[in-house]
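Visitor: I should like to learn how to read a helix, a ligand shell and a strand in a model of this kind. May we take them in turn?

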Amino acid sequence: MRMPLAIMTAVVAIAVWLAASAAQTQPGAPSTPATDPASPTAPASGTAKPKPMVLETTIDSVMAERIARQLIAASPIADPGDVKARDEAAQRLAACNDLLDAAGNRILWGGFNPDQGYDPDAYRLEVNSRDDYFQLTELNPLVWTKLYLSTFMFPGGFEVREEGRFTVLSMVARFRGTLDAGEYPYPFWHSPNKWTAYMNTDRLVFVFSSGRLVSAMRVSPNPLSLQLIKREWDTHWTWTDEAGHPQPRVTLFSYVFSQDNPHVGGLDESYRALEERFREENCLTCHAPDNRSRLNDLVLLNYPNQALVARRTLVSVLEYNRMPPGNAMAHEPNGIQDDEVLAELIRLARDFERKADAAFAFERLKQSTAEAAPTPTPAARP
Ligand code: HEC
């Protein structure tokens, strides 16, 4: 069973209190765990020596460790080109509610730069930032889990540690590097540096703060020590395969939502109508993976499911007519200047928001019904 955060907090509080009182009653003695078998913290019978109670145990570290074990069970090592293994891992990862609950409405994802550290704010470009600064992309947590996280396999090693005000879970990870192009969230190889970094990932770090997972980052060795790995790119972010199916396949709503989700068809229609307008209004010149305008917390609008994270801000940004950004020097105002076009975009954005919410609500209901059922889904609760 899943332990709600409130109970988890209470357990940690009791553990810390017990450790503190043990230390008080036995001054000078090495810190010993509670041994009373009736104690709620007594180790289950048959387990090895109980670990000494550590005062610094935080809610974040308890949560991080639990998430680590779930990820290892959900995405074990397989052949890096095995699509089925990846799809199954994606399904199991999406059932890790601790992870999704911790992430909330959005997660920031990107490459880790030791010079910038763990604080996501350090990945926001400022006027004096160096040109080669790493930036992060903002994603819906379910989308990130199914599309991005599932491209990694976890052989088992992990570590939880404090880094300043953050709790960091660092997990040994291997990238699935030999899948077909349509199995990746977008052609990462549009940039040989990025592809090389992905291919050489040795860890993923998950950054927690105050009970929330705020970002996840890939760690790879210093790029200067690596040989560039190139994969050919024809400059297209999207394409159709020989059977006429839109690609990348994993960016479609059908990859994120269940097969029986009745809202997927309508949501796709809604997105396609919006996408056409995004093209006409040049939104995709900035909101695409190459991030030419170096947006902080980049939001991708050129893929159906990656656009989901923006469903609320999209409505408000259009209602305030803030996009595309104007140019003060060229005396160009913010926003769309044609009222009819703007009204139509607002209408489409609201429709997209409503249908996306319905699709997510269906998934949540389905998940909670599955949880209430006597046989829980395998691997989700190791
Ligand atoms: C010249 C580059 C550029 C273009 C073109 C552009 N945007 Fe943006 N967009 C930005 C920047 C920069 C931000 C972040 C700063 C801000 O919020 O003002 C942003 C933020 C946003 C956000 C909020 C993202 C969030 O944090 O959730 C949305 C939604 C958005 N843009 C939609 C659009 C739409 C729709 C269009 C086309 C009508 C568009 N943008 C065109 C640069 C651009």
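The dialogue below concerns a predicted model.

Visitor: Let us begin with helix H9. Which of its residues are buried?

Guide: In H9, which spans residues 311–319, the buried residues are Arg-311, Leu-314 and Leu-318. Viewed along the axis of H9, these residues fall within an arc of 50 degrees, so they line one face of the helix. On the other side of H9, Ser-316 and Glu-319 are exposed.

Visitor: Against which helix do the buried residues of H9 pack?

Guide: They pack against helix H10, residues 339–372. Just after H9, Asn-321 adopts a positive phi of about 50 degrees.

Visitor: How many residues surround the ligand?

Guide: The ligand is surrounded by 19 residues, of which the closest are Cys-283, Cys-286, Thr-313, Met-323 and Pro-324. By character, the shell comprises 11 nonpolar, five polar and three charged residues. H9 supplies the largest share of this shell, with three residues.

Visitor: How should one read a strand?

Guide: As a general idea, side chains in a regular strand alternate between the two faces of the sheet. In this structure, strand E1 covers residues 107–111, and four of its five residues are buried.

Visitor: Do the neighbours of E1 run parallel or antiparallel to it: what holds for E2, and what for E8?

Guide: E1 and E2 (residues 137–139) run antiparallel and are joined by three bridges; here Leu-108 stands opposite Glu-138. E1 and E8 (residues 212–219) run parallel, with four bridges between them, and Trp-109 has Ala-216 of E8 as its bridge partner.

Conventions
Residues are numbered from 1 along each chain as its sequence is written. This is a predicted model: local features need pLDDT of at least 70, side-chain atom pairs count only at pLDDT 80 or more; totals for chains, interfaces and linings use all residues. A residue is buried if 20 or more other C-beta atoms lie within 10 Å of its own, exposed if 12 or fewer, and partly exposed in between; C-beta atoms are placed from the backbone. Helices (H or I, at least four residues) and strands (E, at least two) are DSSP runs, numbered from the N terminus. The arc is that of the directions from the helix axis to the C-beta atoms. Two residues are in contact if their C-beta atoms, placed from the backbone, lie within 7 Å. A residue is near a molecule or strand if its C-beta atom, placed from the backbone, lies within 6 Å of it. Ala, Val, Leu, Ile, Met, Phe, Trp, Tyr, Cys and Pro count as nonpolar, Asp, Glu, Lys and Arg as charged, and the others, Gly among them, as polar. Two strands pair if DSSP finds at least two bridges between them.
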